[in-house]
Amino acid sequence: MAKVGLSNFGDDWAYIYDELFQDRDDLSVVSETLASLAGDGPVLEFGIGTGRLALPLAERGLKVYGIDNSEEMLRRMWAKPGADKITAIIGDCTKDSIGEAGAFSLVFIAFTTLFLLGPQDVQIECFKNAARHLRKGGVFVVEAFVHDRTRFHQWQEVVTTKVGDNVVGFRVGMLDPVNQVLRTQHIELTPDGIKFRPNWLRYVYPSEMDLMARLAGMRLRERWSSWSRAPFTAESSTQIGVYEKVAD
Ligand SMILES: C[S@@+](CC[C@H](N)C(=O)[O-])C[C@H]1O[C@@H](n2cnc3c(N)ncnc32)[C@H](O)[C@@H]1O
C-alpha cells in the first residue's frame with residue numbers, strides 16, 4: 001500500500017521487526033491489562049503489525065480485529081499460529097473501518113504508532129476513527145513514548161546502537177521542535193554493505209493527546225506509565241492514556 005503520512009515504517013522495518021521487538025514487553029502483562037479493559041470485546045488494534053500484542057489477546061478467547069497499512073507486516077502475522085482467529089485488513093487506521101461500527105469495547109494503538117500517522121490533523125482523525133468503532137463507555141488506549149527534549153543537542157542526536165567485529169550500528173536524529181517532528185535514520189555498516197532504516201514521527205505530549213480525545217468525543221479515564229498500571233509522573237518515559245467514549 002502507498003505510504004500514509006510521512007512514515008513508511010511497516011514496510012521499511014518488517015524484515016527485522018520481530019527480531020528487534022518481539023520481547024519488548026511482558027506480553028502476559030499487556031494482554032492481561034487490555035483484556036480487563038475489553039471485557040467481552042470485541043477488540044480492534046490500529047497498526048496491528050506482526051500481531052505481537054494481538055495474538056496473545058486472541059489466545060485469551062477475545063474476538064480481535066486489526067488494521068495495518070503494511071502488507072509486509074501483516075504477511076508476517078498471517079504466517080504465525082493463531083492468526084486465523086484474527087480478522088485484519090490492509091488499510092489506514094485514520095479512516096478505514098472494520099467490523100461493526102459502534103460495537104467495540106476496546107480500540108488500542110500501541111508502541112508509539114500514533115506518532116507515525118502524520119501531522120496533527122491526521123492524528124486527530126485516528127481518535128475520531130477509534131470513536132466511530134467504539135460503543136458508548138468503550139475505551140481507546142494509546143501507548144507512546146514521552147518525548148525527551150534533553151536527549152538532543154542543537155536539535156540533533158547520534159547514538160551508537162551496535163559495535164562488533166564486523167558491524168557498527170548507529171542512529172542519527174534531527175528534531176523539528178516547531179512541528180514536533182523527529183526524523184531518524186538507523187544505519188548499520190557491515191562488510192556486506194550499508195543498511196538504512198528510516199523513521200519519521202510527530203510526537204505528542206499527554207495534554208495534546210487529551211485534547212485530541214475530547215475533539216473525538218472521549219475523555220481521559222486513566223493514565224499510566226506502564227502496562228502494569230504504574231502511575232504516570234513527571235519522570236515517566238511512557239504514556240498510556242485510557243480514553244472513554246462519552247457519547248454516541
Ligand atoms: C511500531 S509498529 C507496532 C506494531 C504492533 N502494534 C506492535 O506493537 O508490535 C507500527 C505499525 O503501525 C503500522 N502503521 C503505520 N501507519 C499506519 C496507518 N496509517 N494505518 C494503519 N497502520 C499503520 C505499521 O505498518 C506498523 O505495523
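Leaving aside its neighbours within four places in sequence, V158 is in contact with R171 and V172, where contact means heavy atoms within 4.5 Å. V158 has its place in strand β6, and at 63% relative accessibility it counts as exposed; here exposed means over 50% relative accessible area, buried under 20%, and partly exposed in between, with a 1.4 Å probe and protein chains only. The C-alpha atoms of V158 and A58, which are 100 residues apart along the chain, are separated by 39 Å.

This is a predicted model, in which local features need pLDDT of at least 70 and side-chain atom pairs count only at pLDDT 80 or more, while totals for chains, interfaces and linings use all residues. Residues are numbered from 1 along each chain as its sequence is written, and side-chain values use heavy atoms, with hydrogens and water left out.

Strands and helices are DSSP runs numbered from the N terminus, a helix being H or I over at least four residues and a strand E over at least two; two strands pair if DSSP finds at least two bridges between them. Strand β6 belongs to an open sheet of four strands in the order β6-β7-β8-β9, with antiparallel pairing. Because β6 (156-164) and β9 (193-202) stand at the edges, each with a single partner strand, one side of each is left without a neighbour in the sheet. From one strand to the next the twist averages 15°, with axes taken as lines fitted to C-alpha atoms, for helices over the stretch in contact, and angles running from 0 to 180 degrees between N-to-C directions. Helix α1 (residues 9-21) lies across β8 and β9 and runs at about 110° to β9.

The table lists three strand pairings, among them one from this open sheet.

| Strands | Sense | Bridges and one facing pair |
|---|---|---|
| β4 (residues 104-109) and β5 (residues 134-145) | parallel | five bridges; V107 opposite F140 |
| β5 and β11 (residues 238-245) | antiparallel | seven bridges; A144 opposite Q239 |
| β7 (residues 167-176) and β8 (residues 181-190) | antiparallel | nine bridges; D176 with V181 |

The structure holds 12 aromatic pairs, a pair being rings of Phe, Tyr and Trp (its six-membered ring) whose centres lie within 6.5 Å, with planes under 30 degrees apart counted as stacked, over 60 as edge-to-face and the rest as tilted. One of them joins F127 and Y243 edge-to-face, at 5.8 Å centre to centre and with 75° between the planes. This pair links distant parts of the chain, since F127 is in helix α6 (residues 120-133) and Y243 is in strand β11, 116 residues apart. F127 is buried, with a relative accessible area of 0%, and Y243 is likewise buried, with a relative accessible area of 0%.

Helix α6 has other buried residues, including Q123, I124, C126 and H133. At 1.5 Å a residue, the 14 residues of α6 should span 20 Å, which agrees with its end C-alpha atoms being 20 Å apart; the expected span is 1.5 Å times one less than the number of residues.

Elsewhere, F9, W13, Y17, F21 and F111 form one aromatic cluster. R24 lies over the face of F111, at 3.7 Å from the ring centre, and the charged end of K63 sits over the ring of Y65, 5.2 Å from its centre. A charge sits over a ring if NZ of Lys or CZ of Arg is within 6 Å of the ring centre and within 35 degrees of the ring normal.
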